[in-house]
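Thanks for coming. I will go through one structure today, starting with the chain as a whole and then moving to a few places in it. Please keep the picture in view while I talk.

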Amino acid sequence: INIYTGFYLEHKYKLSNQTFIKYFLENLKSLLVGLVIGIPILLVFFYVINQFGDFWWLVFASAMFLISVVLSQLFPILILPIFYKVLPLNDEELKTRISNLAKGAGIKVENVFSFNMSKNTKKANASCSCSIHFKHPDIFCFFYQSHPCLVLHNLNILLKGNQVCLR
């Protein structure tokens, strides 16, 4: 099913830039990353069920919450570079606009990076990911892709919870 929806349909409607080999390798990388993350979680799940009886769900939910927080911090640093080349953003105007928007929400931006999702797709895309710098918890790094208005829109939602697109 994944080959049909992820490769065949994407090519049928001219939405993909990937050859079958690149598609296969990306999916293989995804599988390996999923196994590296998923197998320890599965082991924790069985351990918690064995050790905590009727309260296994509370302990496992707490563990999953902590794992989610850790993974959200590791994603831009360790996982994203496996799939994309992450570079500092060269567009100084956009970098300033992103920094000013974050500053308005009381967050100091340390740096802004970009990654090229268009190596895989022709679809419009934008992403805002944050990584806390552990020495200074108020410093974030934002990763950018695609149309600047989409980036600022996503960042605005992330920071302020509204849907205003700054122009």
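**Notes from the walk-through**

Let me begin with Phe-20, which is found in helix 2. One caution before I go on: this is a predicted model. Is Phe-20 buried, partly exposed or exposed? Its relative accessible area is 39%, and buried would need under 20% while exposed would need over 50%, so Phe-20 counts as partly exposed.

Phe-20 also belongs to a nonpolar surface patch of about 1,000 Å². Other members include Ile-3, Phe-24, Leu-28, Leu-35 and Leu-43. Which element gives the most to this patch? That is helix 2, with 10 residues.

Helix 2 runs over residues 20–52, and Glu-26 lies in it as well. With a relative accessible area of 13%, Glu-26 falls under the 20% cut-off and is therefore buried. What does Glu-26 touch, if we leave aside its neighbours within four places in sequence? The contacts are Gln-18, Phe-83, Lys-119 and Asn-120.

Now the chain as a whole. The protein chain has 5 helices and 3 strands. Read from the N terminus, the order is α-α-α-β-α-β-β-α. There are 167 residues, and 29% of them count as buried. The accessible surface is about 11,000 Å², with 67% of that belonging to carbon and sulfur atoms. Take the contacts between residues at least 6 apart in sequence: 62% of them join residues at least 24 apart.

Next, helix 4. How far apart should its ends be? It has 13 residues, and at 1.5 Å a residue the expected span is 18 Å; the end C-alpha atoms are 18 Å apart, so the two agree.

Which residues of helix 4 are buried? They are Leu-94, Lys-95, Ile-98, Leu-101 and Ala-102. These cover an arc of only 130° around the axis, which means they sit on the same side of helix 4. The general rule is that an α-helix has 3.6 residues a turn, so residues three or four places apart point the same way. On the other side of helix 4, Glu-93, Lys-103 and Gly-104 are exposed.

Last, the loop between strand 1 and helix 4, where Asn-90 is found. Asn-90 has a relative accessible area of 70%, which is over 50%, so it is exposed. How far is Asn-90 from Phe-113 in space? The C-alpha to C-alpha distance is 8.4 Å, although Asn-90 and Phe-113 are 23 residues apart in sequence.

That is what I had.

Methods
Residues numbered from 1 in each chain as written. Predicted model: local features only at pLDDT ≥ 70, side-chain atom pairs only at ≥ 80, totals over all residues. Heavy atoms only, no water. Helix = DSSP H or I, 4+ residues; strand = E, 2+ residues; numbered from the N terminus. Buried < 20%, exposed > 50% of the residue type's maximum accessible area, 1.4 Å probe, protein only. Contact = heavy atoms within 4.5 Å. Patch = residues over 30% accessible without salt bridge, like charges linked within 9 Å, V, L, I, M, F, W, Y side chains within 5 Å. Areas by Shrake-Rupley, 256 points an atom, 1.4 Å probe, with all protein chains shown as cover. Salt bridge = Lys/Arg side-chain N within 4 Å of Asp/Glu carboxyl O. Expected span 1.5 Å × (residues − 1). Arc of directions from axis to C-beta.
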